[in-house]
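Q: Please take me on a close look at one part of this model, and show me how its surroundings fit around it. I work with structures computationally, so give me the cut-offs as you go.

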Amino acid sequence: MQALGGGYRFAELLQRSWRRSTALRSFSSSSSFYSDQSRGGLPRFFSEVLPPSKGGIVRVQGDEFWHMTKILRLSVNDRVELFNGKGGLVEGSINGIDRTGLDFIALEDPKLVLPQSSRWHVFAAFENRVDRLQRVILAAAKQCQRLHEMTLNPPTTIDSLLPIVTQSKLSLVAVAEATPVFSVLTSSRKESTGLMIIGPEGDFTEKELNMMREAGATAVGLGPHRLRVETATIALLATLMLWSDSERPSEP
């Protein structure tokens, strides 16, 4: 899935002349409901580097170290899991703690789980700092027991987005008073991948909408109430994920 937002650059365009060139922030992610995503309820923490094999040790520092020792008050020999946000997961325990970090020892070989569900690219024009978005992405992956975190891509423009729309099997753009999204999806062929576009506060200009429609995007409405950009993004994404996964065979 991919999404767009604007950061400071978008804020500046919004205040001055965003109607000329709306900047968007791009993310990527996947809807994954593999059965072994949750491993018995052990506390799970992020680490870019995982032990290569059973008995391997990695150092955990920074925010995750603080969370483990100060918030959850974990100590030596407590069992935890580490994941790397790319499908890697390993169970282990805390081997040692000092003032700057802790050592994690793997009690098994790490596992790699591949995404097995729908993938949606989300383009949302909203104002947010990149560092905050990265923290939210990591926190969401941990809280939702997901092994694959979203990928936050650099801001882009509508002109750069149009070729992606053209190549996508299904492209939806949220527009006030457009045909309800459920009506559009009911008459659409089931897809497990595609893209969705959420405009800035005040919506896209008519010229921008026409450009996206000509590239192949379908306008959809999200109900009678005006939604914040962040809320509209979550609402449309959740709808698409439920729709695309509704006919997927159940896990054994």
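A: Let's start with the vocabulary: helices (H or I, at least four residues) and strands (E, at least two) are DSSP runs, numbered from the N terminus. The model is predicted, so local features need pLDDT of at least 70 and side-chain atom pairs count only at pLDDT 80 or more, while totals for chains, interfaces and linings use all residues. Residues are numbered from 1 along each chain as its sequence is written, and side-chain values use heavy atoms, leaving out hydrogens and water.

The part I'd like to show you is helix α2, residues 62–71. Just after α2, Arg73 takes a positive phi of about 55 degrees. Most residues other than glycine have a negative phi. Arg73 sits in the loop between α2 and β4, and that loop also holds Asn77. The phi of Asn77 is positive too, about 80 degrees, although Asn77 is not a glycine. Both residues are exposed, Arg73 with a relative accessible area of 71% and Asn77 at 60%. Here buried means under 20% relative accessible area, exposed over 50%, and partly exposed in between (1.4 Å probe, protein chains only).

Now look at the two sides of the helix. In α2, the buried residues are Glu64, Phe65, Met68 and Thr69. They span an arc of only 110 degrees around the axis, which puts them on the same side of α2; the arc is that of the directions from the helix axis to the C-beta atoms. On the other side, Asp63, Trp66 and Ile71 are exposed. The cover over the buried residues includes β2, β3, β4, β5 (88–97), β6 and α3 (130–143), with contact taken as heavy atoms within 4.5 Å.

Two of those covering strands, β2 and β4, also share a pair of aromatic rings. A pair of aromatic rings is described by the distance of the centres and the angle of the planes. Rings of Phe, Tyr and Trp (its six-membered ring) pair if their centres lie within 6.5 Å; planes under 30 degrees apart count as stacked, over 60 as edge-to-face and the rest as tilted. This rule gives two aromatic pairs. One of them is edge-to-face: Phe46 and Phe83, at 5.7 Å centre to centre and with 75 degrees between the planes. Because Phe46 is in strand β2 (residues 44–46) and Phe83 in strand β4 (residues 79–83), the pair ties together parts that are 37 residues apart in sequence. Phe46 is buried, with a relative accessible area of 15%, and Phe83 is buried at 0%.

Trp120 and Trp243 have ring centres 6.5 Å apart and planes at 50 degrees, so that pair is tilted. Trp120 belongs to strand β8 (residues 119–124) and Trp243 to helix α7 (residues 229–245), so here the linked parts are 123 residues apart in sequence. Trp120 counts as buried at 1% relative accessibility, and Trp243 is buried as well, at 11%.

Another two of the covering strands, β3 and β6, are linked by charge. A salt bridge is a side-chain nitrogen of Lys or Arg within 4 Å of a carboxyl oxygen of Asp or Glu, and the count by this rule is eight. In one of them, Asp103 meets Arg59 with the closest N and O atoms 3.2 Å apart. That pair joins distant parts of the chain, with Asp103 in strand β6 (residues 102–106) and Arg59 in strand β3 (residues 57–60), 44 residues apart. Asp103 is partly exposed at 25% relative accessibility, and Arg59 is partly exposed at 33%. Elsewhere, Glu230 and Arg228 meet in a salt bridge at 3.7 Å, N to O. Shared salt-bridge partners join Arg59, Asp98 and Asp103 into one network.

Finally, back to the outer side of the helix. Trp66, Ile71 and Leu72 form a nonpolar surface patch, with about 330 Å² of accessible area together, and Ile71 lies in α2. Patches are made of residues with over 30% relative accessible area and no salt bridge: like charges are joined within 9 Å, nonpolar side chains (Val, Leu, Ile, Met, Phe, Trp, Tyr) within 5 Å. The areas come from the Shrake-Rupley method with a 1.4 Å probe, and for residues only the protein chains shown count as cover.
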